[in-house]
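The following report is meant for a reader who is meeting this structure for the first time. It begins with one helix and then moves outward to the chain as a whole, its hollows and a few single residues.

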Amino acid sequence: MAGRKRHLLVDTLGLILVAVVQAANVQDRDGAKVVIDKARWFGWLRVIFADGGYAGALVSWARETFRGQGTRLEIVPKLGAGFRVLAKRWIVERTFSWFNHYHRLSKDYEVKPNHSEAFIYAAATRLMLRRLTPKPAK
C-alpha cells in the first residue's frame, strides 16, 4: 500500500464518531460511503458537513441511505481563491492536527488499515480522558 486516506466523522467538538482508513487509491466519495454507512448507527445525527470534494452523486446516495432518519449531507462550498476558514470544516481539520502529536499517527507506520483505525480511536480516547481529568491547582 503506497499511502493512506483517513476519513473522519466528528461531532461539533471535534471528537471522533467514525474513523475509516483506506488505501490512497480509493476515491474520496467511496470512502465517504463507508463513513456514512457507519454513521447510520448514530440516529441523533441531523446534518453531516462535507467539503466540495464529496459533492455530486454522494449527496443523493446519502439521502437514500438516511431516508426516514432525518439526517442530511450538506456540502460546504469553497469561498473563492486563497485560504479561508470554511464553516464547520475547520473542526475536522483540527482533529486531524491533534493526531500529529502521536508518533504512530504522524506517519503510516501500520501495515493494515484497521490497525491504523484502532490507533486513531486510542488517540481519541486519550484526548477525551485528558479533557475529563481536572487540571492540578497551582
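A residue is called buried here when its relative accessible area is under 20%, and exposed when that value is over 50%. The model is a predicted one, and every value below was computed from it.

**Helix α5 and its buried face**

By the buried cut-off, S116, E117, I120, A123, A124 and L127 are buried in α5. Viewed down the axis of α5, these buried residues fall within an arc of 120°, so they line one face of the helix. A general feature of helices helps in reading such a pattern: an α-helix has 3.6 residues a turn, so residues three or four places apart point the same way.

How far apart should the ends of helix α5 be, at 1.5 Å a residue? For the 20 residues of α5, which are residues 113-132, the expected span is 28 Å, and the end C-alpha atoms are 29 Å apart, which agrees. The cover over the buried residues of α5 comes from several parts of the chain, including β1 (4-10), β2 (16-23), α1 (28-39), α3 (89-99) and α4 (103-106).

**The chain as a whole**

The chain has 5 helices and 4 strands, and, read along the sequence, these follow the pattern β-β-α-β-α-β-α-α-α. Along its principal axes, the C-alpha trace spans about 50 × 40 × 35 Å. Of the 138 residues in the chain, 35% are buried. When contacts between residues at least 6 apart in sequence are considered, 59% of them join residues at least 24 apart.

**Helix α2**

A second helix can be read in the manner used for α5. In α2, which covers residues 57-65, the buried residues are L58, A62 and T65. They cover an arc of only 60° around the axis, which puts them on the same side of α2. The exposed residues A57 and R63 are carried on the face of α2 turned away from its buried side, while the buried residues of α2 pack against α1 and β4.

**The largest pocket and the largest cavity**

The largest pocket has a volume of about 750 Å³. It is lined by 32 residues, of which L8, L9, F49, A50 and V92 are the closest to its centre. At least two lining residues come from each of β1, α1, β3 (47-51), β4 (72-76) and α3.

There is also 1 cavity of 30 Å³ or more, and the largest cavity has a volume of about 30 Å³. Its lining consists of G14, L15, I16, T95, W98, F99, A124 and L127. Both α3 and α5 supply at least two of these lining residues, and α3 gives the most, with 3 residues. A124 and L127, named above among the buried residues of α5, thus appear again in the lining of this cavity.

The table sets out the classes of the lining residues for the two hollows.

| Lining | Nonpolar | Polar | Charged |
|---|---|---|---|
| Largest pocket | 21 residues | 3 residues | 8 residues |
| Largest cavity | 6 residues | 2 residues | no residues |

**Three residues in their surroundings**

Is A19, in strand β2, buried or exposed? With a relative accessible area of 0%, A19 is buried. Leaving aside neighbours within four places in sequence, A19 is in contact with H7, L8, K38, E117, I120 and Y121; of these, E117 and I120 are listed among the buried residues of α5. The C-alpha atoms of A19 and S116 are separated by 9.5 Å, although the two residues are 97 residues apart along the chain.

A124 belongs to helix α5 and is buried, with a relative accessible area of 9%. Between A124 and R29, which are 95 residues apart in sequence, the C-alpha to C-alpha distance is 24 Å.

T12 lies in the loop between β1 and β2, and at 60% relative accessibility it counts as exposed. Not counting residues up to four places away in sequence, T12 touches I91 and R94. T12 and L105, at 93 residues apart in sequence, are 22 Å apart in space, C-alpha to C-alpha.

Note on methods. Residues numbered from 1 in each chain as written. Predicted model: local features only at pLDDT ≥ 70, side-chain atom pairs only at ≥ 80, totals over all residues. Heavy atoms only, no water. Expected span 1.5 Å × (residues − 1). Buried < 20%, exposed > 50% of the residue type's maximum accessible area, 1.4 Å probe, protein only. Arc of directions from axis to C-beta. Contact = heavy atoms within 4.5 Å. 1 Å grid on protein atoms, 1.4 Å probe; cavity = no way out; pocket = protein on both sides within 12 Å on 5 of 7 lines; lining within 4 Å. Points joined across faces, edges and corners; volume = space filled by probe spheres on them. Nonpolar A, V, L, I, M, F, W, Y, C, P; charged D, E, K, R; others polar.
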